[in-house]
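User: I would like a close look at one part of this model, namely how its helices pack against one another. Please take the packing step by step and keep to what the model supports.

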Amino acid sequence: MAKPTQPLSNDDRALILTPNTYVVSRTMGAQTLILDPTRDEIRQLNEVGTFIWSMILKSEYTKDDVLNAVIQNFETPSDVALADLEEFLNELDSVSLIRM
């Protein structure tokens, strides 16, 4: 079960997002498949999820960096982008696909 969505604090927004070392992913076009071998599960990401995941894979971007990139690249209002990003990152974190 996913953790409830919690607002990102200013301290959280400065943390670098990284994938867990055991996670395997493959991007095909605008979609990404993420394999979690510890759970034997595959997750499919849409275009926005794939964009965010590509930034996470680089292990050099903060949550604020990702938020700003989503707002800029997908012309999304900041309040909507923030809420969606929080939900997405919390979901990935709740199943240990990323480290925050």
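Which handedness does the crossing of H3 and H4 have?

Analyst: In this predicted model, the crossing of H3 and H4 is right-handed. The residues that make this contact are Lys63, Val66, Leu67, Val70 and Ile71 on the H3 side, and Ser78, Ala81, Leu82, Leu85 and Leu89 on the H4 side. Sorted by class, the residues of the contact of H3 with H4 comprise eight nonpolar, one polar and one charged. As for the geometry, the axes of H3 and H4 come within 10 Å and cross at roughly 130°, which makes H3 oblique to H4.

H4 also packs against a second helix. The axes of H2, which spans residues 47-57, and of H4, which spans residues 78-94, come within 12 Å and cross at roughly 60°; H2 and H4 are therefore oblique to each other as well. The crossing of H2 and H4 is right-handed, and the contact is formed by Gly49, Ile52, Trp53 and Ile56 of H2 together with Leu85, Phe88, Leu89 and Leu92 of H4. In terms of class, this contact of H2 with H4 has seven nonpolar residues, one polar residue and no charged residues. Leu85 and Leu89 of H4 thus appear in the contact with H3 and also in the contact with H2.

The nonpolar core can be read alongside these two contacts. The largest nonpolar core has 20 residues, of which Ile52, Trp53, Ile56, Val66, Leu89 and Leu92 touch the most other members. The elements that give two or more residues to this core are H2, H3 (63-74) and H4, and H4 supplies the largest share, five residues. Val66, one of the H3 residues in the contact with H4, is in contact with Leu17, Ile52, Met55, Tyr61 and Leu85, once its neighbours within four places in sequence are left aside.

For the wider setting, the protein has four helices and five strands, which follow one another along the sequence in the pattern α-β-β-β-β-α-α-α-β. Of the 100 residues in the protein, 34% are buried. Among the contacts in the protein with a separation of 6 or more, 57% involve residues 24 or more positions apart.

Note on methods. Residues are numbered from 1 along each chain as its sequence is written. This is a predicted model: local features need pLDDT of at least 70, side-chain atom pairs count only at pLDDT 80 or more; totals for chains, interfaces and linings use all residues. Side-chain values use heavy atoms; hydrogens and water are left out. Axes are lines fitted to C-alpha atoms, for helices over the stretch in contact, and angles run from 0 to 180 degrees between N-to-C directions. Angles under 35 degrees count as roughly parallel, over 145 as roughly antiparallel, 65 to 115 as roughly perpendicular and the rest as oblique. A crossing is left-handed if the near helix is turned anticlockwise from the far one by less than a right angle, and right-handed if clockwise. Contact means heavy atoms within 4.5 Å. Ala, Val, Leu, Ile, Met, Phe, Trp, Tyr, Cys and Pro count as nonpolar, Asp, Glu, Lys and Arg as charged, and the others, Gly among them, as polar. A nonpolar core is a set of buried Ala, Val, Leu, Ile, Met, Phe, Trp, Tyr and Cys residues joined through side-chain atoms within 4.5 Å. Buried means under 20% relative accessible area, exposed over 50%, partly exposed in between (1.4 Å probe, protein chains only).
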